[in-house]
Amino acid sequence: MRYGAHMKARHQDDVEKVLRSPTRAAQSLVAASWCRSGLKHGLDADADRGPDIVSGSDLTLRRERHGLMLDVARPLLDQLFHTVAATGCAILLSDSDGVILEARAQDGDRTLFDAVGLTPGGVWSESSEGTNGIGTCLVEGRPVTIHRDEHFASRNIGISCMDAPVHDASGQLAGALDISNCRADHSKA
């Protein structure tokens with residue numbers, strides 16, 4: 001999942017072009033998210049840092065707070081994972097802050113997902129990671145697909161994510177359901 005300096009530099013140039021012309025934000029969901037990431041949140045697409053993971057006690061509190069949602073979701077996450085496991089995809093469920101509460105991944109792929117922070121406790125809000133499936137879905141409040149170099153951060157250009165918002169019984173945004181892939185052999189389709 002390592003990408004060469006040339007690919008990362010080209011990605012950084014693409015992001016910078018959008019940030020220098022914020023009117024591009026009106027042209028696509030990705031450009032709008034890149035502008036929020038760089039201009040509103042002050043993120044650097046080329047920042048070389050590891051994933052942001054909440055503490056174990058914070059994750060426990062979040063899981064307790066969302067206990068009913070998790071009780072309902074766990075069997076559905078297992079069923080969905082069973083459907084996509086052979087493709088190398090992970091199934092993730094976040095809260096409305098973009099913190100991953102539950103994750104399902106094949107043992108052979110888990111190392112890839114853990115390395116990028118697609119693991120329980122990983123923080124994937126747009127304000128933390130920039131454009132990404134979970135965070136952008138939560139901001140937009142609608143299903144999104146963020147494929148590889150559509151991510152804001154250069155370190156995430158090897159990930160593809162499809163997300164849908166999850167609402168509670170009163171219609172409030174409760175989190176995002178994510179299907180992610182870190183394998184280089186997957187196309188956008």
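## Exercises on a predicted model

The face of helix α5 that points away from its buried side bears the exposed residues D107, T111 and A115. Keep that in mind as you work through this structure, which is a predicted model.

### Exercise 1: the two sides of α5

Find the buried residues of helix α5 and work out how they are arranged around its axis.

**Solution.**
- Step 1. Take residues 107-116, the extent of α5, and pick out those with under 20% relative accessible area. The buried residues are D109, F113 and V116.
- Step 2. Look down the axis of α5: the buried residues fall within an arc of 60°, so they line one face of the helix.
- Step 3. Turn to the face directed away from the buried side, where you meet the exposed D107, T111 and A115.
- Step 4. Ask what the buried residues pack against: the partners are strands β1 and β5, the latter spanning 173-181.
- Step 5. Step past the end of the helix. G117 follows α5, and its phi is positive, near 90°.

### Exercise 2: the sheet

Work out the strand order of the sheet, and then place helix α3 on it.

**Solution.**
- Step 1. Follow the pairing across the 5 strands: the order is β2-β1-β5-β4-β3, with antiparallel pairing in an open sheet.
- Step 2. Find the ends of that order. The edge strands, β2 (100-104) and β3 (144-147), each pair on one side only.
- Step 3. Compare directions: ignoring the sense of each strand, neighbours in this sheet are turned by 20° against each other on average.
- Step 4. Zoom in on one pair. β1, residues 89-95, joins β2 over 4 bridges in the antiparallel sense, and I91 sits opposite R104 of β2.
- Step 5. Add helix α3 (residues 56-65), which lies across β1 and β2 and runs at about 90° to β2.

### Exercise 3: the setting of E129

Decide whether E129 is buried or exposed, and name the partners of its side chain.

**Solution.**
- Step 1. Locate E129: it belongs to helix α6, residues 126-129.
- Step 2. Check its relative accessible area, which is 2%; E129 is therefore buried.
- Step 3. Look for polar partners. The side chain of E129 makes a polar contact of 3.2 Å with that of R49, and another of 2.8 Å with the side chain of N156.
- Step 4. Widen the view to contacts beyond four places in sequence. Residues touching E129 include L43, D52, W124 and F152, along with R49 and N156.

Technical notes: Residues numbered from 1 in each chain as written. Predicted model: local features only at pLDDT ≥ 70, side-chain atom pairs only at ≥ 80, totals over all residues. Heavy atoms only, no water. Pairing = 2+ DSSP bridges. Helix = DSSP H or I, 4+ residues; strand = E, 2+ residues; numbered from the N terminus. Axes fitted to C-alpha atoms, helices over the stretch in contact; angles between N-to-C directions. Contact = heavy atoms within 4.5 Å. Buried < 20%, exposed > 50% of the residue type's maximum accessible area, 1.4 Å probe, protein only. Arc of directions from axis to C-beta. Polar contact = N/O pair within 3.5 Å; in protein donor to acceptor, adjacent residues only side chain to side chain.
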